[in-house]
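Me: I've got a two-chain model open and could use a hand reading it. Can we go through it bit by bit?
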Amino acid sequence: MSQSVARIGPPRRLAIDVPAAVNLIGTLGKFLGIAALFPVPFALWYGEPVWAFLAAGAITSGFGLLLERLTASSRGGVGLREGFLVVALTWLLAAGFAALPYVLSQNPQLGSPIDAYFEGMSGFTTTGASVASNLTDINRSLGIWRQFTQWLGGMGIIVLAIAVLPRLRVGGRQLMESELPGPEISQLSERIRSTARKLWFLYVGLTALQVLLLASVGWAGLDDEMTPYQALANSFSTMPTGGFSTLPRSAEGFSPISQWILALFMAIAGANFALMYLGIVRRRPRALMRDEEFRLYVALVLVASAALTAMLWGHGIAEGEEAVRAAVFQTVSIMTTTGLASADFALWPTVLLLALFALMFVGGSAGSTGGSIKVVRHLLLGKTLRREIDQTLSPEVVLPIRLNGAPVDERTVRAISAFVLLYVGAWVVGASIIAVDSAITGSGLGTLDALATSATALGNIGPAFGPAGPMGSFAGLGDVSKLTMIGLMWVGRLEIVPVIVLVTRHYWRL
Amino acid sequence: MKIFLIGAGQVGTTIVEALHEEHELTVLDNEMTRLQAISGRFDVATFEGDGTSRKDLAAAGVASADLIIACTSRDEVNLVAGMFARSETAGATTVIRTSNVEYVELWRGGQLDVDFVVSSELETAYAISRIIGVPAARQTDVFADGEVQVGEFDAEEGASPDVIGVPLRDATIPADSKVAAIIRDTETVLPGGDDVIRIGDRIVVIGSPTAAKTWSSLLWPEGGAVRDVVIFGAGRVGSAIARVLLDQGIRVRMVEASREQARRAAESLPEARVFNATGFDPDFLERERIGQSQAGIFAMRDDAKNQYAASIAQVHGIPFTIAIAHEAMSVAAFEQAGIDVSVNPRAVTAEEIVRFAHDPRMQQVAMLEGNRYEVLDVTTRESSRYIGMAFRDMPVHGSLIGAIVRNGHALFPHGDDVLQAGDRVIIFTEAANAPWVVEAL
């Protein structure tokens, strides 16, 4: 009898294998530190200090190695449950890593820990909201680091790790899917490693193309502002739908042709990468053209651009090509959650602000680098609502929700409704905290500004209205507001659910 | 011809019934009782064995057969038996029955190594779509790629006086059509110009599809074209019917009691409106205005339910009811219950299979009135003594030429027209006369 008691052992409390999760986070951190080498050549080239990047890389890799060593004895693999913890913590860690160079270089604007972490989180989550009010203060190597964090975060750190690292202890698709934006990535149904590689391949390819196009505009003398450095910095901001700019007036100073290129690539970044892979690399453009989400995405861009053009022209803010360009650029930028700006829309009349505000909740396509709710969720939610109304009249009617002709699993439909509710809930809670905090600290945010600030952080967009508009910054916000925004950016990037499950009892306890 | 039949169920028995007089049949089945029932009624060889066993097939003599028919109720058995039979015999034709439309598609794509695949579900669906097109008909069949239609109608109260109660030579018979037979009680008349159609008669008409529709509206003036049907039962049969009708642009609603089945039907038939309900729920029928449908098709598994649901639907106002009769007995019971048309999937399947057993010149055959009559589609030989003969001079012999297909076009011959070699002849005949007719042409 005593033997069998020994075999049963003491009661286990935890429902997840924390050491295994920490071990994987350690591995990811170990390799993530290498990314700090990227700005080093820039620092050397421009004669700027290098040590902050080297130290940040060493600290991150060292910390990762330490975590890995401490949990080296863990036997378990990373399953569905552990995956949520890994994703959630990795992104917190990554934001900290991004913040290290700002702190270590004691930058006057980003040097304080909260500001640095804000900027780091904003970068990795591709939000593009900044607490730097004077960008000329940030040197070129730190500037390119700031842009580069967006680019790394765009397609996903874990997706990248799966693509390039030798054998990660990753069990299923779940880990990657909880990081990839959107409800599903069924279009490339292969091994996750090859999927991850294809996505990154296309991502790198499109970024390179954009850099080349923008740089050519500069070389051709069509845009004096567009130096090779700017071409790279803005491409790092566009493809991940980030929104950081190295210029104080965002994209305003660029020539029309550069702005059109930026708008085009923002629109591309907001489309489904898996479908684009099929369309471009495999030469099956029909897969893209026939996709319901893609069609709705294009339709929304066109309709919103037309509406904005009419309003801009009507209010006498701009006319002709300038009005069209301003409308398209701002529409695409806000809708895809990029956040670059070619005009200071914070100065626009309220009706235009409301239009942009509505666009903040649209988002890009599933499987894009964009954030927010996403077009496919709107599409499916609309279909669900239509079904609900139909079923009120005919309770017995059986109406499967279809996407591209194929029935969508009812659990997915429910998950989408739940997501949208959670999203709206998170937005309202965030906006309330920010509104109350700004009233206390007197940071000058109005009600609409506070609502937009919460939406812009949760949707990983970037600019809000008022003082936090595209040409302004979030520097004036209180620490509570900044921390709230950090949380919203984090939750928004991971699409809420992987974070929410961490605070449920049944996640941790048997 | 030597025919080897695997499966002695309802389909097998119907096939044996149609073919036993002209051909040499061997029937293989794994149940002795079924074989005994068949050998008790017909003069055929029986063999107890397993259709999926190559050894049993060889022992039963499959190698010497000219035509192999696998028609058990199980798809897998039919497929395996068909494959084995194929490899055992070099030149024989293999026909297999399936209940899965997917196999029909595979076969059409050349992926199944058999000569013909016949699906009960599809044949039933086609039969129903023909009936829907000619709602007054009890049964219809199409020939010559749909150019010729044969319909069996009841002359009932309300039929147009243009065709009822007047000698046929004075009646306004729709163009391109011919009354092939008038069946009065148990007696059949191959009509001449003096004969009269009376209320209560059953008539067989051969004509163009347009003429068949005209006949339908003459005999049932308030019938009209069916644009809107409700199908009860969304299983394989119901779904196959829905697919065929939807393809013709008919609005289809489906009522299915099983939640899972309803979901599957809704997923595979996006154009249909599927309800998860029973056909017996008065609230549901009232709320969805099921009674407003022009036709109700009852395709549930259980004949008793089909009959009951059809009666309820009639009470709710559905004017035209078609029910699937899985049991042969149910056809008569449904008729008794006032259901307009019954379709027995097994009979339809057997009919489709039997046509492979006829003379190679024979393209198609339809059976009417419980196999008492057949409609044949025969190509005339050069050596036939009727070549060059005007139709008015031909002997009657309990059969009648309803249409000929010449150069791909259907003609509905008059007395002066002359038969040519190579004509395809659509001919109505008593079943007993069929071999003689084929021989003579």
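Reply: Sure. One definition before we start: two strands pair if DSSP finds at least two bridges between them. Also keep in mind that this is a predicted model.

Me: OK, with that in hand, how do strand E1 of chain A and strand E14 of chain B pair?
Reply: In the antiparallel sense, over two bridges. E1(A) covers residues 397-398 and E14(B) covers residues 273-276. By the definition above, at least two bridges are needed for a pair.

Me: Which residue is the bridge partner of A:Val398 there?
Reply: B:Val274, in E14(B).

Me: And how many residues are in contact between chain A and chain B?
Reply: Eight residues of chain A touch 12 residues of chain B. On the chain A side, five are nonpolar, one is polar and two are charged.

Me: Let's switch to chain B. How is it divided into domains?
Reply: Domain 1 spans 2-114, domain 2 spans 137-219, domain 3 spans 228-346 and domain 4 spans 350-440. The centres of domain 2 and domain 3 of chain B, taken over C-alpha atoms, are 28 Å apart.

Me: What's the strand order in the open sheet of five strands in chain B?
Reply: E7-E8-E11-E9-E10, with antiparallel pairing. On average, neighbouring strands of this sheet are turned by 15° against each other, direction ignored.

Me: Why do E7 and E10 of chain B each have one side without a neighbour in the sheet?
Reply: Strand E7 (137-143) and strand E10 (187-189) of chain B stand at the edges with a single partner strand each, so one side of each is left without a neighbour in the sheet.

Me: How many bridges does E7(B) make with E8(B)?
Reply: Six, and the two run antiparallel; E8(B) is residues 148-154. Within that pair, B:Gln139 is opposite B:Glu152. Helix H7 of chain B (residues 209-219) packs on the sheet, touching E7, E8, E9 and E11 of chain B. The direction of H7(B) makes about 15° with that of E8(B).

Me: Next topic: which strand does E2 of chain B join, and in what sense?
Reply: E2(B), residues 24-29, is joined by four bridges to E3(B), residues 45-48, and the two run parallel. B:Leu28 has B:Phe47 in E3(B) as its bridge partner. Together with helix H2 of chain B (residues 32-41), E2(B) and E3(B) make a right-handed β-α-β unit.

Me: What about E5 and E6 of chain B, parallel or antiparallel?
Reply: Parallel, with four bridges between E5(B) (residues 93-98) and E6(B) (residues 116-119). The chain goes from E5(B) through helix H5 of chain B (residues 101-108) to E6(B), in a right-handed β-α-β crossover. B:Val95 is opposite B:Phe116 in E6(B).

Me: Back to chain A. At what angle do the axes of helices H2 and H5 cross?
Reply: Roughly 35°, and they come within 9 Å. H2(A) is residues 18-32 and H5(A) is residues 80-104. The crossing is right-handed. Residues making the contact include A:Leu24 and A:Leu28 of H2(A), and A:Leu89 and A:Phe97 of H5(A). By class, the contact has 12 nonpolar, two polar and one charged.

Me: And the contact of H10(A) with H11(A), what's it made of by class?
Reply: Six nonpolar, six polar and no charged residues. Among them are A:Gln210 and A:Leu214 in H10(A), and A:Leu232 and A:Asn234 in H11(A). The axes of H10(A) (residues 192-219) and H11(A) (residues 228-238) come within 8 Å and cross at roughly 145°. That crossing is right-handed.

Key:
Residues are numbered from 1 along each chain as its sequence is written. Chains are lettered from A and ligands numbered from 1 in the order in which they are written. This is a predicted model: local features need pLDDT of at least 70, side-chain atom pairs count only at pLDDT 80 or more; totals for chains, interfaces and linings use all residues. A crossover is right-handed if, with the strands pointing away from the viewer, the path from the first strand over the helix to the second runs clockwise. Axes are lines fitted to C-alpha atoms, for helices over the stretch in contact, and angles run from 0 to 180 degrees between N-to-C directions. Two residues are in contact if their C-beta atoms, placed from the backbone, lie within 7 Å. Ala, Val, Leu, Ile, Met, Phe, Trp, Tyr, Cys and Pro count as nonpolar, Asp, Glu, Lys and Arg as charged, and the others, Gly among them, as polar. Domain bounds come from an automatic or database domain assignment. A crossing is left-handed if the near helix is turned anticlockwise from the far one by less than a right angle, and right-handed if clockwise.
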